[in-house]
Amino acid sequence: MAWKRPARREFLKGSAALASGLTVGALAPDAAAQGPAPAASPGSAATPMLKDTSELIKYGDRSKYVTSVRIPHGGRPTPDTFGLTFHVATPLQDSVGVVTPSSLHYYATTRGSFLPDIDPRQHTLMIHGLVDRPLTFTMDDLKRLPSVTRLHFIECAGNRSSPRAKNVQESHGMTSCAEWTGVLLSTLLKECGLKGSAKWFVAEGAEEVKGASSMPIAKAMDDCLVAYGMNGEAVRPQNGFPLRLMVPGFEGIFHTKWVRRIKVVDQYHINYNDFGHLDQDAKEAALGYQIGPKSVITFPSGSQRLPGRGFYEISGLAWSGGGAIRKVEVSTDAGKTWKVAEFKGTPQRMAHTRFGLGWNWDGKETVIMSRCTDELGSVQPSRVQIAEHFHKPADPSFSIPGLDNSIMPWHIASDGSVTNGLTA
Ligand SMILES: Nc1nc2c(c(=O)[nH]1)N[C@H]1C(S)=C(S)[C@@H](COP(=O)(O)O)O[C@H]1N2
Ligand SMILES: [Mo]
């Protein structure tokens, strides 16, 4: 490597100057003093060594120093009256980049802690109803067809900027983003031949009732896929192994896991999942099912603590059911002024987009927040704007009906502790 590693102190000075021309705060000298010693060369006596066991050779594990874990989602009592856990939330506060590792992807539970345990050699997907040729595909059949690989988020409708949430895992942990590989549903439907009367489709998972939803056929022909791959390997059992439906940008509940049957119909069919989705006009329904535009700051966020004033890169995620994210703005003065954040990588359609903004914290109490705009020009609203829309601007107990894509503020106290900005 030609690049020579600068001393840590110089590096911090350099980056802060680059970012904003501001002086390095009180943090930098401390950090320089406490910074890690230069890494010893591998194999030297100073470095503890991990034994490369056959398990590690076969399927690697993360470092024992990395302890980030999923938690049962707190939106409902867990376990509930029936002993069941609702959903399991991903630790967004520790996330970097845009891909959620499969082991940390949030998931919807089904029948408590029981999961369909499906032998892929036995699994089939049947497509029937208003088609010329009903067809049944085995997993091998599906893997012979042209595939697509796309980055997409999934988000449960229960994800909300709740004043009760202590941190971003509790408020927004029911969204994740993965690289999904599979076959476009339009490829399969063209194979079957759609009849002219086809207007809706119903997807059903292995549990027969839960997971069944009615969706407009136009969405099926646009960008839905049946996915067998997730982040470079098979979809995990918790996320629908061996096959799950992806309905990019629609509420999580439509992304039928363990999908085994798709019926093409001429009208809306009510299903177990459709409480709250009673719109029978396909165009209205499609809009109503779409998530966002939505964004949240993941660092600094609730339960974290800034060690002192000085330079920080504020980091977060933005996503929308309406397409790609076009702009993210960040406020570090409780919404008085906004700065345009930088994208880390190219925003993808219906995928998490990582943003960052360099910030020099002066050590004073403040509130930080982000808001995004998607490719349709829709802008993420504040809670107050949504309350105004429902004619309840001054009601402190106002809770947002339906999907909540409101701005999430984080309060930073002068001691650096970060808490929910809706309650502070
Ligand atoms: N078959 C089936 N599919 C399902 C569900 C289910 O209970 N059964 N839950 C849905 C809900 S409520 C959500 S939010 C998403 C979550 O997808 P994930 O578990 O892969 O994160 O799956 C959806 N698909
Ligand atoms: Mo969900």
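**A chat about a sheet and a phenylalanine**

Me: Hi! Do you have a minute for strands β8 and β9: parallel or antiparallel, and over how many bridges?
Reply: Sure! Strand β8, residues 200-204, pairs with β9 in the antiparallel sense, and the pairing runs over 4 bridges. Keep in mind that this is a predicted model.

Me: Which residue in β9 is the bridge partner of Val202?
Reply: That's Ser214.

Me: And what sheet do these two belong to?
Reply: An open one with 5 strands, in the order β5-β4-β13-β8-β9, and its pairing is mixed.

Me: Which strands sit at the edges?
Reply: β5 (135-138) and β9 (213-216), each of which pairs on one side only.

Me: How much twist is there from one strand to the next?
Reply: The average is 20°.

Me: Nice. Which strands does helix α6 lie across?
Reply: Helix α6, made of residues 185-192, crosses β4 (124-129), β5, β8 and β13 (261-265). Relative to β4, helix α6 runs at about 55°.

Me: Changing topic: where is Phe343?
Reply: Phe343 is in strand β18, which spans residues 342-343.

Me: Why is Phe343 called partly exposed?
Reply: Because its relative accessible area is 25%, and the partly exposed class lies between the 20% and 50% cut-offs.

Me: What does Phe343 touch, leaving out residues up to four places away in sequence?
Reply: Its contacts are Ile325, Arg326, Lys327 and Val328, plus Thr353 and Arg354.

Me: And how far apart are Phe343 and Phe355?
Reply: They are 12 residues apart in sequence, while their C-alpha atoms are 4.5 Å apart in space.

Key: Residues numbered from 1 in each chain as written. Chains lettered and ligands numbered in written order. Predicted model: local features only at pLDDT ≥ 70, side-chain atom pairs only at ≥ 80, totals over all residues. Heavy atoms only, no water. Pairing = 2+ DSSP bridges. Axes fitted to C-alpha atoms, helices over the stretch in contact; angles between N-to-C directions. Contact = heavy atoms within 4.5 Å. Buried < 20%, exposed > 50% of the residue type's maximum accessible area, 1.4 Å probe, protein only.
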